[in-house]
Structure formats: C-alpha cells, structure tokens
Amino acid sequence: MSTEMRADPGLYDYALRPPRLPDPPKPENDHLPIDIEVRVGMYEMQQLIRQTEKRAHDLFLQNLVKGTTHLSLGMEAIATGFARAMRPDDYTFATYRGHAHTIARGADIKKVLAELLGRETGLLKGKGGSMHLTDVEHGMMGSYAIIGAHLCIANGAAWSSQMRGTGQVTVCFFGDGTTNIGAFHEAVNFAALWKLPVVFVCENNLYMEYTPIDLVTPVEHPAADRASAYGLEAVLIDGNDADEVYVTAEEAISRARRGEGPTLVEAVTYRQGGHSRADPGKYRPSEELQAWLDKDPIKLYHQRLLRLGVPESRLTEIAQDVARRVDEATEFAKASPRPGPEHLLTDVWADGGSEWRN
Amino acid sequence: MRQLLTPSGDLVGEAPFGLDLCVRLYRAMVVARSYDRKCVALQKQGRLATYAPFEGQEAAQIGSAAALEPDDWMVATYRDAAAMWAQGYPMELLVAGRTGDERGGSPPDHVNVLPPSITVGGHMVHAVGLAWAERLQGSSRIAITYFGDGATSEGDFHEALNFAGVYGVGCVFFCQNNGWAISMPRSAQTASETIAQKAIAYGMPGVQVDGNDLFAVYEVTRQAVERARAGEGPTLIEAVTYRLGPHTTSDDPGRYRDAGEVEEWRRRDPLERVRIFLSERGRWDPEWQAEVEEKAAREVERAVELAESLPPPAPGDVFGGMFESPPRHLREQQATLELYRAAGEG
Ligand SMILES: Cc1ncc(C[n+]2csc(CCOP(=O)(O)OP(=O)(O)O)c2C)c(N)n1
Ligand SMILES: Cc1ncc(C[n+]2csc(CCOP(=O)(O)OP(=O)(O)O)c2C)c(N)n1
Ligand SMILES: [Mg+2]
C-alpha cells in the first residue's frame, strides 16, 4: 500500500498530558474499626517491605544481582492490607512486581534477599530471582512475568479449593495494564460465572511500563469500570491507605469464603520509582511524582498512628528493628553460597527431577 | 430492547425505510433462507462439508448488512453467509468454500468482505485493524464484525473492543446472541445481565435490539454505522435472536435443549412479521410469495452449479493463499509433494 500513514497528532505525546494527581488522604479512615495492635502490625509490615526493597535496589546498583527488578515502593499498603486479612492457608498470586506480596505473606526476608542474590539459601535456591518469588509454605503461589496469565492460574487454585471444600480464598494481584489483556477478561468472566473463591486486585499505579494507562484504556478506572461486564460490583479504593485496603480485603475475602463468588478491587496507587531497575521514570510530570510522594502510604500511616495515640518512640523502635533485620538478612544473603551445578536439573518438575525426556 | 416490528407484524415506532426497500430486504431474507436450507440438504447428500445453519437469524444479518455502504468492510463467522452475501460476497464462492475448496476464500478484489472466520473471536481483531487502517488513510470506510454470544467470552473480544474504544476506531461490533454457543446456553456464558452492557467496559455505547426485527436491526445498525463513519467511534450491538437449527450439521440440539424453546422462537420468525407487515399494506400475496421463492431457489441453484463446476483443486493448491513468499519448510514440503506426484504419474 502506498498511502501514507497519518496518526493522530498528539495521540502519543505524553508531554501534553495533564498530571494525574492523587485524591487527598482520608483522615476519616482513622475511625475504621481496626484494632490498634493490628494497625501497628501493618505499620511494621510496610516498613519491612519498604526497607527490604530499598536494600534490594542498593544491591542491584552494586551489581550483586543479575537480571532486573520491579519494586513496589509507594504501593506497600496494598500488599500489607490484603495479607493481613488473609488466612495462613489462603493463596496469593502476584506479578513480577512481587517482592511486597511475598514478604507480606510472611516469607523470611533472609531467603528473599538470598534469592535475589542468586544464593542456595534463597526461596528458590537462587534459581528464580526477583521476578519469580514463590513461597508455597506461606501461601505465596508465585510471581508471574506473563501479563494476565496468572489470573487464569489463580482461578485454577480457587477452583481447587472450591472442589475440595476447604474454604481457602485466592487473592490475585495485577497491574492496570493487565486489564487490557484478553486473559483478564476470560479469567474474570469465568470466576464470576462459577462463583470461584477468588479476589482480583488491580494495583492501579497509573502506568504500564512507560505508558500512562489512560492513553490505552477507554474508561477512567481500568478495573472498576469493567466490573459490570461480568455482573460484578465496582470496588474502587485508595491503595495508599492500608486501613482502607484492609477493610476492603476483609469484606471481599469473607464474601469469597461464604461461597458468594469473586470481587474485583481496584486500588489506586503510584509507584515511586521506575517500572524496573533500568527505568528512571522520567516520562512522568514532576508535579505528579511530587504529589504522590507527598501521599506516601507509610508517611500517612505514621501520622495516623500518632493521631491514634501510638507513641512516636514505639514507631521509631519498629523502624530501627526492621533496619537491623534487613542488615542481618543482607549479611546472610551475601555470605550464602551460590547453588552448585548439582542443582541445575532439579526442581523442574513436581517430582523434583528432570527426567521428562525418558 | 429496541423493537419496531412486533412478532405479529405491528409497527410500534417509525419505520426506518420505505416500502420498496422493505420489499427488497424481504426478498433477500427469502433468498437467505433458501440458501441455508439448500446447504443443509447438500451436506446431507455429501456434497458439502460441515455446515452451520443460520435459520432464524435472517433479519439480524440482512437488516444489519443493509445499513452498510457497498465498500464497507465485513469480517464475519461461519454462520454469517447471509450477511456476507448481502455485502457482495458471491454466493457460489460461499458454496465453494463449504465444499472445502480454498478458492471459496478468495472473493473478487472489489468485495471488502473477509472469508468467514472459524476461530471464535479471532477475527474481531482483524476488523478493528481494517477500520483503523482506513482511518489512518483518511478514508471514511468503516468495518462491521459479526460474532456470537459465545465469542464475547474470548480474550480477543476484550482486546478488540478495548483497542477500538481507545482509538475511537470506526468499527461496529455486531453480536448475534442466538441463545447458544453449541450446547452452552447464554446463561452459562457470562454473569453479566446483557451482552450490550459489556460496552461500558470499553467506553462505547451498547445497544440491545430484537434481532428478529428487520426494522429495528436496520435502525440501530444504521446509527452505529453513521457514528463510526463520522469518526465518533465504535458501537456494540447485541441482536437478540435464536438459532432454530443445530449448531452445525454434525450437532443434535435435542440433546441439550427443549423442543418447547424452539417452538416459542418459531413463533417469532423474522420473515413472518415482515410478511404480515407487507401484506397489510397490499405488497404481499401468496402468488407473489411463490414467485419470490422460485426466483430465490433459482439463484441458489445457479450458485451451486457454478461452485460444483469449478475444476477440482490440485493437491499443491493447499500451499497457496497463505504467504506472499512461503517459508522454507513449506517450500520443502511442496517440492516433496511434486516429487511424489512425478513419481506416481511417471
Ligand atoms: C503478555 C505480556 N506482554 C507484554 C509484557 C511486557 N510487559 C512487562 S511489564 C508490562 C507492563 C504491565 O503494566 P501493569 O499491568 O500496569 O503492571 P505494573 O508493571 O504497572 O505493576 C509489560 C507490557 C509481558 N510481560 N507479558
Ligand atoms: C477459538 C475457538 N474455540 C473453540 C471453537 C469451537 N467452536 C466452534 S463454534 C463454537 C461456539 C460459538 O458460539 P457463538 O459465539 O455463540 O456463535 P454461534 O455458533 O452460536 O453462532 C465453538 C466453541 C472455535 N472454533 N474456536
Ligand atoms: Mg451463539
């Protein structure tokens, strides 16, 4: 064809887009009926995720880790609120942006950092790395790099608990960009029809890689505005408020446990860093980034706990204790051996072997 | 649900076209039904491969196709021969395609209709691509794509509608909700109340229409086509209809659905209500009907003769029509075939 292509001018021009600013924090959520010790626990968990991930980033910059990493800096409240509302035998499915979810379910950060450093003591004996964190013992059923694919796998896990009648609930996390993939559509449609005990959580951080989500999505809320297509209610929450996440999670999870089927939650948030290690995130208006840094979930939660009467000294102690644990974990990881060649062909199949060719 | 002509032939709104066009579309529906029944008969005689009948869906297909310009794109399925024929796909090629002759999939250049898609949902993405390409080239040509209720559960449906919604692509998504996807009823297909409401997820209008009502189908499609042509973006239409026959000639619907349900839909026959409408306006009588049917039968017969008189395809033709320059492994297979044939003949 000889005709010249004419794209819409401005269609792809990020620079012309207005910044997407956060909704203001909700001081009224101070009054949500959540036990203060649960709240202090969620503060500690957010600190643990934040500090471990910052350390992971440093280790990457020191070239101690091969491959890439996708951090959840600024998104910690979502992993924390959901994990807190889950039963120990519930299942988590996450994306390559999965450190937070792994830690929130209770994985040992020594094993997490060792895994990132490719050491034998890691969660996956150093053979998985950042994008594949898995800890079955803690219900963390894996981090998946193929956009959308794990929603179908999560359905399978949920279906299995439905059949076995165990009351287990599966919580599946994914990004805003994922809502435009066919697998999202097939999975949510199927789960709604079969009333599977699954909660789909869209962590809407406003970007898919370097593309602002509104450039590629014809509706304002990528997940919430899709709910009606599956006969589900729209659930749109502030993903930077651990308490709001927690009460939403409790409700969705108990609904699923009662056999009333799935919930599709959209938690609006922001990643403070780039998409992955290699990305400085310069395509985002600085005014936008600043507004979201001001709405940092940990900073806001810290202020809430002070308003609720938790002494500053207790919070400082928690942060310092976490820092100590992260240092210890770092030393542990660095001192651990790399997996030897005898591990090369193990853990490929369920029986632990690699004899599939025979 | 939009309805203009009730099953008993009463007009409950304003007719979207005059009597002459109405007569023409009625004739087209008669031809379509004649074609459909002929194909079922031919399949039973072993002259056609598996066939997917559309009896009951004539108004949905003829009414929507009539709302297009002759050069608009159409991308449809195995059950949409009536729509494709109405948009200019030669009937003899439709028949030839069903005999298993690949030439049935190559319409003349001026016909902007793609060969029917067997892959459920996959073709919707192609329709979006065609419509988008037309827009990028500054043309006002639009595309319409046909699919069933079952196709709406496919990931391709989601990706196609999402893309069209984002870029405001001039594509009309025409869903014939015929109640069934093989043996799966609509109620087991999706938990959403209507298919039309799925449009919300893609920021486009969704309309539910009585798919057995020629008038309403024409009206809502016309509006969607005009919207698309004006650059205002896509529309999702849910035409509520019913497949009166089996899924294909190798299916026995008696195993999964009630005869009562079929009877109920027979009473909502899309041709009958137009017949009553025309008859009340002095444009229909039994002799005319006989004449229309006879003409239709002749047209179908002619197409079958043409299709069956095509010289049989050669074994090597199976390699044609896929690649502009075939990859090496296919060229090797082709060479091997030629060797065998030479050996066999020599
Ligand atoms: C099927 C598939 N297509 C493309 C990619 C490349 N890819 C990796 S991350 C990403 C963006 C995903 O964005 P989103 O779902 O919003 O998640 P986020 O990274 O923001 O958490 C893409 C397109 C992939 N991994 N899988
Ligand atoms: C991708 C794909 N999956 C499965 C099939 C098998 N198949 C052929 S027709 C059909 C049902 C489609 O139902 P619907 O979309 O409602 O269209 P209808 O046949 O009722 O016109 C299925 C599952 C297929 N052709 N393609
Ligand atoms: Mg169907």
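User: Why is Ala60(B) called buried in this model?

Analyst: In this predicted model, Ala60(B) has 33 other C-beta atoms within 10 Å, and because a residue counts as buried when 20 or more such atoms lie within that distance, Ala60(B) is classed as buried. The residue sits in helix H2 (residues 58–65) of chain B. Leaving aside residues up to four places away in sequence, Ala60(B) touches Gln176(B), Gly211(B), Val217(B), Ala239(B) and Thr241(B). The C-alpha atoms of Ala60(B) and Asp80(B), which are 20 residues apart along the chain, are separated by 9.7 Å.

User: Why is Ser139(B) called partly exposed?

Analyst: Ser139(B) has 14 other C-beta atoms within 10 Å, and since exposed residues have 12 or fewer and buried residues 20 or more, the value of 14 falls in between, so Ser139(B) is partly exposed. Ser139(B) belongs to the loop between helix H5 (122–136) and S2 of chain B. From Ser139(B) to Asp258(B) there are 119 residues in sequence and 48 Å in space, C-alpha to C-alpha.

User: What makes helix H4 of chain B mostly covered, and what does H4(B) pack against?

Analyst: Helix H4 (residues 91–98) of chain B has 8 residues, of which 7 are buried. These are Glu92(B), Leu93(B), Leu94(B), Val95(B), Ala96(B), Gly97(B) and Arg98(B), and they pack against helix H1 (19–44), helix H3 (81–86) and helix H10 (286–309) of chain B. After H4(B) comes Gly100(B), with a positive phi near 95°.

User: What makes the phi of Asn63(A) worth pointing out, and why is the residue called exposed?

Analyst: Most residues other than glycine have a negative phi. Asn63(A), although it is not a glycine, has a positive phi of about 60°. Asn63(A) lies in the loop between helix H1 (36–61) and helix H2 (76–85) of chain A. With 7 C-beta neighbours inside 10 Å, set against the limit of 12 or fewer for exposed residues, Asn63(A) therefore counts as exposed.

User: Which sign does the phi of Ile182(B) have, and why is Ile182(B) called partly exposed?

Analyst: Ile182(B) also is not a glycine, and its phi is positive, at about 50°. Its place is the loop between S4 and strand S5 (184–185) of chain B. Ile182(B) has 13 C-beta neighbours inside 10 Å, and because exposed requires 12 or fewer and buried 20 or more, Ile182(B) counts as partly exposed.

User: How do you know that H1(B) and H9(B) pack together, and which residues make the contact?

Analyst: H1(B) and helix H9 (residues 270–280) of chain B pack at an angle of about 145°, and their axes are 10 Å apart. The crossing of H1(B) past H9(B) is left-handed. On the H1(B) side the contact is made by Cys22(B), Val23(B), Tyr26(B), Met29(B), Val30(B) and Arg33(B), and on the H9(B) side by Pro270(B), Leu271(B), Val274(B) and Leu278(B). By class, this contact has 9 nonpolar residues, no polar residue and 1 charged residue.

User: What makes up the surroundings of ligand 2?

Analyst: There are 15 residues around ligand 2, and those that come nearest are Val120(B), Gly148(B), Gly150(B), Ala151(B) and Ala181(B). Strand S2 (143–148) and strand S4 (180–181) of chain B are the elements that give two or more residues to this shell. The shell around ligand 2 has 7 nonpolar, 5 polar and 3 charged residues. Gly148(B) and Gly150(B), both among the nearest, belong to the polar class, because glycine is counted there.

User: What surrounds ligand 1?

Analyst: Ligand 1 is surrounded by 15 residues, the closest being Ile147(A), Gly175(A), Gly177(A), Thr178(A) and Met208(A). Here strand S3 (170–175) and strand S5 (207–208) of chain A are the elements that give two or more residues, and the shell divides into 6 nonpolar, 6 polar and 3 charged residues.

User: How many residues of chain B are in contact with chain A, and what makes up that side of chain B?

Analyst: In chain B, 24 residues are in contact with 22 residues of chain A. Helix H6 (residues 155–167) of chain B gives the largest share of that side, 8 residues. The side of chain B that touches chain A has 8 nonpolar, 11 polar and 5 charged residues.

Note on methods:
Residues numbered from 1 in each chain as written. Chains lettered and ligands numbered in written order. Predicted model: local features only at pLDDT ≥ 70, side-chain atom pairs only at ≥ 80, totals over all residues. Contact = placed C-beta atoms within 7 Å. Helix = DSSP H or I, 4+ residues; strand = E, 2+ residues; numbered from the N terminus. Near = placed C-beta within 6 Å. Axes fitted to C-alpha atoms, helices over the stretch in contact; angles between N-to-C directions. Left-handed = near helix turned anticlockwise from the far one by under 90°.
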